[in-house]
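Q: Hi! Could you walk me through this fold, starting from the inside?

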Amino acid sequence: MDAPGESAAARSRGGGSPMSSVSKGIKKVEVGLKWDPSPAGTAPNDLDIIAATYTADAPYGSPVYLVHFDSRSPDGTITLNRDSRTGQGFGFDEVMVLELDRLAATFGRVVVGVAIQQHTDEKVFGDIPNTAVRIREGHTDLAQTDLASVSGSTASTVAEFTRDASGAWSFRQVVRGFDTDPTSFAALMGSEH
């Protein structure tokens with residue numbers, strides 16, 4: 001049940017995992033997303049990776065810019081190399097590369113999430129079979145999730161990268177579900193818990 005004054009679009013749930021020492025000094029990461037296509041004759045399963053960047057001065061403020069299926073970062077440091085609208089194919093259907101070590105010093109936080117594009121029927125992650133998110137640096141997997149912990153949600157954060165005073169980036173897996181459309185999710189995904 002929603003708290004007074006809280007809309008379903010603003011509801012979030014889930015949690016995050018603690019940062020590990022292995023996840024510090026991150027330079028370049030790849031976020032891969034895969035899922036199974038919808039059955040013939042039904043609305044497509046269309047998932048999107050979204051990254052939001054925040055300044056060091058306002059790490060929980062409004063994002064400076066977003067990177068998703070029809071955009072890229074102005075400086076080319078965050079790119080969506082592959083975009084799928086159906087989940088068809090082998091391997092990861094969408095892949096985003098974040099060159100954190102090339103981001104301007106004004107940036108202090110990047111949050112990455114996944115949202116479902118709603119077509120004719122509203123779907124939640126539990127309606128889409130075999131979802132998987134993999135976050136890796138080089139050949140080292142930093143985290144993997146199947147989004148089962150947010151199966152009733154339409155969007156979820158999956159990763160948070162933060163820069164410390166020395167300029168080094170750290171990774172923390174943060175799987176936090178939202179009940180919202182992709183546009184609203186982009187505005188909410190970097191909010192404080």
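**Inside the fold**

A: Happy to. This is a predicted model. Its largest nonpolar core has 35 residues, and the members that touch the most others in it are Leu 98, Leu 100, Val 110, Val 112, Ile 135 and Phe 161.

Q: Which strand gives the largest share of this core?

A: Strand 8 does, with 5 residues.

Q: Is there a second core, or should I stop there?

A: There is a separate one of 9 residues, including Val 111, Phe 178, Phe 185 and Met 189.

Q: Back to Leu 98: what is it in contact with, leaving aside neighbours within four places in sequence?

A: Its contacts are Lys 27, Lys 28, Val 29, Val 31, Thr 77, Ile 78, Val 110 and Val 112.

Q: Okay, zooming out. How many helices and strands are in the chain?

A: The chain has 1 helix and 12 strands. Reading from the N terminus, the strands come before the helix: β-β-β-β-β-β-β-β-β-β-β-β-α.

Q: And how much of the chain is buried?

A: 46% of the 193 residues count as buried. As for the surface, about 9200 Å² is exposed, with carbon and sulfur atoms supplying 50% of that.

Q: What about contacts between residues at least 6 apart in sequence?

A: Of those, 69% join residues at least 24 apart.

Q: Let's pick a strand. Why is strand 4 described as largely enclosed?

A: Strand 4 covers residues 47-55, and 8 of its 9 residues are buried, so the rest of the structure largely encloses it.

Q: Which strands does strand 4 pair with?

A: One partner is strand 8 (residues 107-116), which runs antiparallel to strand 4 and is joined to it by 9 bridges. Strand 5 (residues 65-67) also pairs with strand 4 in the antiparallel sense, over 3 bridges.

Q: Any residue pairs I can click on?

A: Sure: Ala 52 stands opposite Val 111 in strand 8, and Ala 51 has Val 67 in strand 5 as its bridge partner.

Q: New topic: where is Ser 191?

A: Ser 191 sits in the segment after helix 1 (182-188). Its C-alpha is 9.7 Å in space from that of Val 111, with the two positions 80 residues apart in sequence numbering.

Q: Why does Ser 191 count as partly exposed?

A: Its relative accessible area is 24%, and partly exposed covers the range between under 20% for buried and over 50% for exposed.

Q: And what does Ser 191 touch?

A: Not counting residues up to four places away in sequence, Ser 191 touches Tyr 60, Arg 109 and Arg 176. Also, a polar atom of the Ser 191 side chain lies 2.8 Å from the backbone oxygen of Leu 188.

Definitions and conventions. Residues numbered from 1 in each chain as written. Predicted model: local features only at pLDDT ≥ 70, side-chain atom pairs only at ≥ 80, totals over all residues. Heavy atoms only, no water. Helix = DSSP H or I, 4+ residues; strand = E, 2+ residues; numbered from the N terminus. Buried < 20%, exposed > 50% of the residue type's maximum accessible area, 1.4 Å probe, protein only. Contact = heavy atoms within 4.5 Å. Areas by Shrake-Rupley, 256 points an atom, 1.4 Å probe, with all protein chains shown as cover. Pairing = 2+ DSSP bridges. Polar contact = N/O pair within 3.5 Å; in protein donor to acceptor, adjacent residues only side chain to side chain. Core = buried A, V, L, I, M, F, W, Y, C linked by side-chain atoms within 4.5 Å.
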